[in-house]
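Dear colleague,

I am passing on the structure below, together with some notes on what was found in it. Please open the structure alongside the notes as you read.

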Amino acid sequence: VEVTAALPVYRTYVRSIPMKPPDRLIIARALRAARRAAPAIPAPYFDFLHRALLLEEARGAGEPLEELMRWQQFTGPIMAKEVEDTALYVYNRLLSVSEVGGSPGRPIVAPAAFHHRLGERLRLWPDAMSATTTHDSKRAEDMRARIAVLSEIPGAWEARLRRWRVWNAGGKTRIHGRPVPEENEEILIYQTLLGTWPRPGRLLRPGEMRLFRDRLAGYLLKTAREAKEHTSWHSPDAEHERAVTRFLDAMLMGSRGDRFLPDFLRFQERIALAGAITGLSQVLIKIAAPGFPDFYQGSELWDLRLVDPDNRGPVNSRLRARLLARIHRAAAGDRAALARSLARDWRDGRIKMFLTWSALSLRKRDPRLFARSDYLPLRVTGRSASQIVAFARRLKGAWAIVIAPIRGAAARLGTGGGTLAVRREGRLLLPRGAPSLLRNVFTGGRITTIPSAAGGRSILRPDILSDFPVALLEK
């Protein structure tokens, strides 16, 4: 039990003797951690497990290897239960990092490391699936993108959090001498509201509010039981669960909302606006980076769904078909005007569908360019250089260039309410052999690159992102 609990991964993949070094390293690490965690267990037991799990006395295929392989099948469900179905519902500092497959303790990836990982992906797993939302996600991709914005404006977030806790304190119920929800649950509720609010910056109509409230009430019941801190599926505490629901109702549909909701909506609009830019960048990177892009059902528009059963509901495919048909017709005319219009009217999600359709159309026209082509990280200069991911895919004479803002929008956009397109100063530096003329897939605009040092070329960024928040350029 102790060794299984200490395993740092879902499972190892030992199939034969001798054991491969990465598997041996992982199992040895778990053995050491288990010894430290359980000093009362006599050392001979761990000595025996050390020999058995590392196959030190095994000479070939047989019972020791079979037992190890059976144990490997068992460790995955245990890891899923302890991490995905417990820890990720307890660690609520920033909900966007508490996601299946994530590392909440190490959520930051520096740009250089990000490019290195994509280079390794191209080299080792060029056809691996690139998924941003799945049936198993705790929070859908655009909800995570919104919540991640809080990490860019911690001062403003802290001020709101302190204010809301004071305003909503009267909506809590004292159970066993403590107020419910407690602070860790309360911060989960506020982040969930910011991430899922369906009409950015605007009040919901009564019918919408009831449906939204019911979704959140079901979600909060599940999160509380999965966290297992105050209630659980096996030992539910109905009094605690009702208190959490009453707190939610007081904020959304009671007198507490008179002061809370106006302040919340102003802040939420700012979060939603910046999160939309991050969400669009996420989709574009997924489509153009090494790997094979996957799209979970219904994620063609803004996807703010919660964990199952919320993300297992029916998808309005007819609506999506109608919207896509309109986009097709509009794109056949003035594409730049369409891009500007979608950037202004971003709330309905058509901008995400337009980006997805446009980028996938380029991938369909030249599939080899996005399969085994070169992956070239690009350098960005200017004040917002660290806030943009840029790379090129190159195959012989064909080029595709991605420019995707991933941070900084919250500070630039202020209180929200405007277009998603944000003017960003600086240059994008291209390598030797880069095209002299490029076309913006989203706006249809033509861009002339400028000769620069060492035989390369460059682009002025304001020329690219003034009409649309992200860019995909083709030769």
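**Pockets, a helix and a hairpin**

The second largest pocket holds about 830 Å³ of space, where a volume is the space filled by probe spheres set on grid points that are joined across faces, edges and corners. A pocket here is an open set of points on a 1 Å grid over the protein atoms alone, at which a 1.4 Å probe fits, with protein on both sides within 12 Å along at least five of seven lines, and lining residues are those with an atom within 4 Å of a point. Of the 27 residues that line the second largest pocket, those closest to its centre are Pro-198, Arg-215, Trp-302, Leu-304 and Arg-320. Helix H9 (206-227) and helix H12 (317-331) are the elements that give two or more residues to this lining, and H9 gives the most, with 4 residues; helices (H or I, at least four residues) and strands (E, at least two) are DSSP runs, numbered from the N terminus.

Please keep in mind that this is a predicted model, in which local features need pLDDT of at least 70 and side-chain atom pairs count only at pLDDT 80 or more, while totals for chains, interfaces and linings use all residues. Residues are numbered from 1 along each chain as its sequence is written, and side-chain values use heavy atoms, with hydrogens and water left out.

The largest pocket has a volume of about 2000 Å³. It is lined by 45 residues, of which Pro-107, Val-109, Phe-114, Arg-144 and Gln-282 are the closest to its centre. At least two lining residues come from each of helix H5 (111-124), strand E1 (129-131), helix H6 (141-148) and helix H11 (257-288).

How far apart are the end C-alpha atoms of helix H4 (residues 63-90)? They are 40 Å apart, which agrees with the 40 Å that its 28 residues should span at 1.5 Å a residue, the expected span being 1.5 Å times one less than the number of residues.

Turning to the strands, 6 of the 8 residues of strand E7 (residues 388-395) are buried, meaning under 20% relative accessible area with a 1.4 Å probe and protein chains only. E7 pairs in the antiparallel sense with strand E5 (residues 374-377) over 4 bridges and with strand E8 (residues 398-405) over 8 bridges, two strands being paired if DSSP finds at least two bridges between them. Tyr-375 has Arg-393 in E7 as its bridge partner, while Ala-392 stands opposite Ile-401 in E8.

With best wishes

Definitions and conventions: Buried < 20%, exposed > 50% of the residue type's maximum accessible area, 1.4 Å probe, protein only.
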